[in-house]
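Please walk me through this model in my viewer, one selection at a time. I would like to know what to pick next and what I will find there.

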Amino acid sequence: MSNRVKLHRLGQRLTDNDIEPSCSVMDVLGRNGEITHRVVIDCGLLPKQGTGKDGLAWHAPDLSLFEDGRPIDAVVITHVHTDHVGYLPALSKYLAKNAQVTMTKPSWGIVKHGLREGLSVNEKRGSKLPFSLAEMDDILNRERIIYRPGEYEILSGLSMYAHPAGHINGSCSYTFRVRRHDFIHYSGDNCKHNQAGIKGAQLLPKNWYPTTIAVSDCTYGADMDSDFRSWDEEAKKAATLAADALARKQIILFFAFGIHRGGAVAHELGRQGIRSRVFLDGSIRYYAHQQNGPMGRWCDLDEAFQLQHTMRVVGKPAIGAPMIDTPVVGMNRDRLIEEGNLAVITTGGMGGPGGPGVDWRRHVLPNPEATIAFTGYVAPDSDGAKILAAAQERKRTGQRVSVAFSGVNEKGEPMSETLPVECRVEQVRLSSHDSRRNILEWFREYRPETAILTHGSKQAFDSLSAELSTEIPHLVRSDETPSI
């Protein structure tokens with residue numbers, strides 16, 4: 001067992017409002033200070049609006065730590081959202097010869113598609129690529145699958161407990177035993193409440209309670225309103241919006257993230273009584289059905305979506321998606337746009353700048369009878385933020401407001417257009433993150449000696465620090481102290 005452990009957080013925010021790309025390193029040290037085990041937990045990136053002067057359309061962790069020449073012995077991935085896994089292949093050059101990459105069964109089921117989709121998006125935007133196909137292939141050849149929760153020996157002499165995190169299907173937290181009574185916990189993202197397809201996460205077994213929380217999920221740490229939003233109430237709001245649009249034979253466009261969220265919206269519309277004219281577009285067509293397949297569950301928290309009432313928009317198959325066994329039943333996008341009278345759930349989740357949602361919004365935004373609904377977090381510099389701001393300005397002034405968009409279309413062609421925001425604009429907060437109250441309760445239930453605040457804006461860290469500074473003996477902010 002180790003005498004000391006050094007913890008690093010490699011992803012940092014670009015602005016105070018960002019949530020940093022996730023990448024953590026645990027260096028277990030021997031008696032003479034040598035690194036006996038080097039483990040990386042997650043390696044994500046965040047898309048940026050436009051392509052910067054550096055030729056990048058993404059922000060990734062700084063991997064210069066690994067230039068010390070000490071190889072990475074193992075990588076574990078909590079879940080396959082881009083901010084946790086999107087930069088994973090960039091680790092390839094730093095891995096030990098026999099290093100394995102560990103994920104749950106559902107995560108391995110879709111990670112290849114997600115990584116290939118990331119390459120495709122950057123190619124279309126003319127950005128430098130975050131990694132090469134050779135690096136991606138190397139990572140995919142290092143597969144180690146976790147089929148069920150429990151204790152595993154991740155490396156010789158280093159045990160960990162894999163525990164469901166309740167965030168998306170396949171999500172997992174990891175707790176490492178570094179001394180007999182010392183446990184270091186990496187939560188990834190965490191969610192205590194039930195949602196479509198996922199039951200809420202439970203606490204760890206008591207004999208694995210962490211003495212150190214190395215990674216937390218502080219996404220809603222400064223959002224007081226999050227304590228008063230419930231999944232069921234937001235799902236009812238989504239269904240009410242859809243029912244209203246369909247009753248008037250109009251279009252309602254739900255912007256949703258491809259992994260989990262799009263399928264969850266479709267499931268909830270059916271559960272709330274919207275059982276026809278619901279269409280899935282973009283990568284949601286693949287991910288929603290993949291979750292329902294044999295690779296979609298690894299524990300009792302993961303559940304199937306009910307998607308019998310949905311159809312897929314027929315178009316070019318998403319890059320990297322394997323053939324789906326069931327026949328593709330759907331309709332052409334142009335025909336659907338012409339007909340109207342539908343609820344369509346599409347990527348990108350923040351309203352652009354890429355994905356088939358760009359085609360849809362061109363027809364929906366200028367239509368005063370149509371509706372756009374964002375189903376989750378919208379970053380401050382995204383196209384969705386522009387649309388929401390325009391709707392607020394229209395409400396405040398009573399004047400017509402337009403938004404200028406730029407980027408690329410679904411085919412990768414340069415696109416620049418200005419559209420009036422005439423439609424109804426709503427935000428439905430179907431969150432798979434914990435509310436502020438639940439974040440605080442989570443820390444207080446474990447009562448660790450040391451906790452590092454991660455995965456949140458400066459405002460979130462400020463708010464949570466004010467609450468927890470007198471309760472946790474060693475409270476650290478990753479934006480101020482990236483290594484301890």
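Start by selecting Cys 172, which counts as buried because its relative accessibility is 0%. Keep in mind as you look around that this is a predicted model. Now display every cysteine sulfur: a search of the whole structure finds 0 disulfides. Cys 172 is accordingly in no disulfide, and the nearest cysteine sulfur, at 8.5 Å, belongs to Cys 299. Next, click on Cys 23, which is in no disulfide either; the nearest cysteine sulfur here is that of Cys 43, 3.9 Å away. A disulfide needs sulfur atoms within 2.5 Å. Cys 23 also counts as buried, because its relative accessibility is 0%.

**Around strand 3**

Stay in this part of the chain and select residues 23–29, which make up strand 2, together with strand 3; the two run antiparallel and are joined by 7 bridges. To see one such pair, pick Met 26, whose bridge partner in strand 3 is Val 39. These two strands form a hairpin with 5 residues between them. In the turn, look for Gly 33, which has a positive phi of about 85 degrees.

Now colour residues 35–43, strand 3, by accessibility: 7 of its 9 residues are buried. Then add residues 72–76, strand 6, which runs parallel to strand 3 and is joined to it by 3 bridges. Ile 41 is a handy landmark here, with Val 76 in strand 6 as its bridge partner.

**The seven-stranded sheet**

How many strands form the open sheet that is next on the tour? There are 7, in the order 9-10-11-12-13-23-24, and their pairing is mixed. To find the edges, select 150–155 for strand 9 and 474–477 for strand 24; each of these pairs on one side only. On average, neighbouring strands of this sheet are turned by 25 degrees against each other, direction ignored.

Inside the sheet, highlight residues 172–179 (strand 11) and 182–186 (strand 12), which pair in the antiparallel sense over 5 bridges. Tyr 174 has Tyr 186 in strand 12 as its bridge partner. Now bring in helix 10, residues 436–446, which packs on the sheet and touches strand 12, strand 13 (212–215) and strand 23 (450–453). The direction of helix 10 makes about 145 degrees with that of strand 13. Follow with residues 458–468: this is helix 11, lying across strand 23 and strand 24 and running at about 170 degrees to strand 24.

**Two pairs of helices**

Select residues 105–124 for helix 2 and 284–291 for helix 6: their axes are 11 Å apart and they pack at an angle of about 170 degrees. Helix 2 and helix 6 are therefore roughly antiparallel to each other. Show side chains for Gly 109, Ile 110, His 113, Gly 114 and Glu 117 in helix 2, which meet Tyr 286, Tyr 287 and Gln 290 in helix 6. Sorted by class, this contact has 3 nonpolar, 4 polar and 1 charged residues.

For the last stop, choose helix 4 (residues 231–247) and helix 5 (residues 261–271), which pack at about 75 degrees with axes 9 Å apart. These two helices are therefore roughly perpendicular to each other. Helix 4 brings Trp 231, Asp 232, Ala 235, Ala 238, Ala 239 and Ala 242 to the contact, and helix 5 brings Ala 264, Glu 268, Leu 269 and Arg 271. By class, this contact has 7 nonpolar, no polar and 3 charged residues.

Note on methods. Residues are numbered from 1 along each chain as its sequence is written. This is a predicted model: local features need pLDDT of at least 70, side-chain atom pairs count only at pLDDT 80 or more; totals for chains, interfaces and linings use all residues. Side-chain values use heavy atoms; hydrogens and water are left out. Two strands pair if DSSP finds at least two bridges between them. Helices (H or I, at least four residues) and strands (E, at least two) are DSSP runs, numbered from the N terminus. Axes are lines fitted to C-alpha atoms, for helices over the stretch in contact, and angles run from 0 to 180 degrees between N-to-C directions. Contact means heavy atoms within 4.5 Å. Buried means under 20% relative accessible area, exposed over 50%, partly exposed in between (1.4 Å probe, protein chains only). Angles under 35 degrees count as roughly parallel, over 145 as roughly antiparallel, 65 to 115 as roughly perpendicular and the rest as oblique. Ala, Val, Leu, Ile, Met, Phe, Trp, Tyr, Cys and Pro count as nonpolar, Asp, Glu, Lys and Arg as charged, and the others, Gly among them, as polar.
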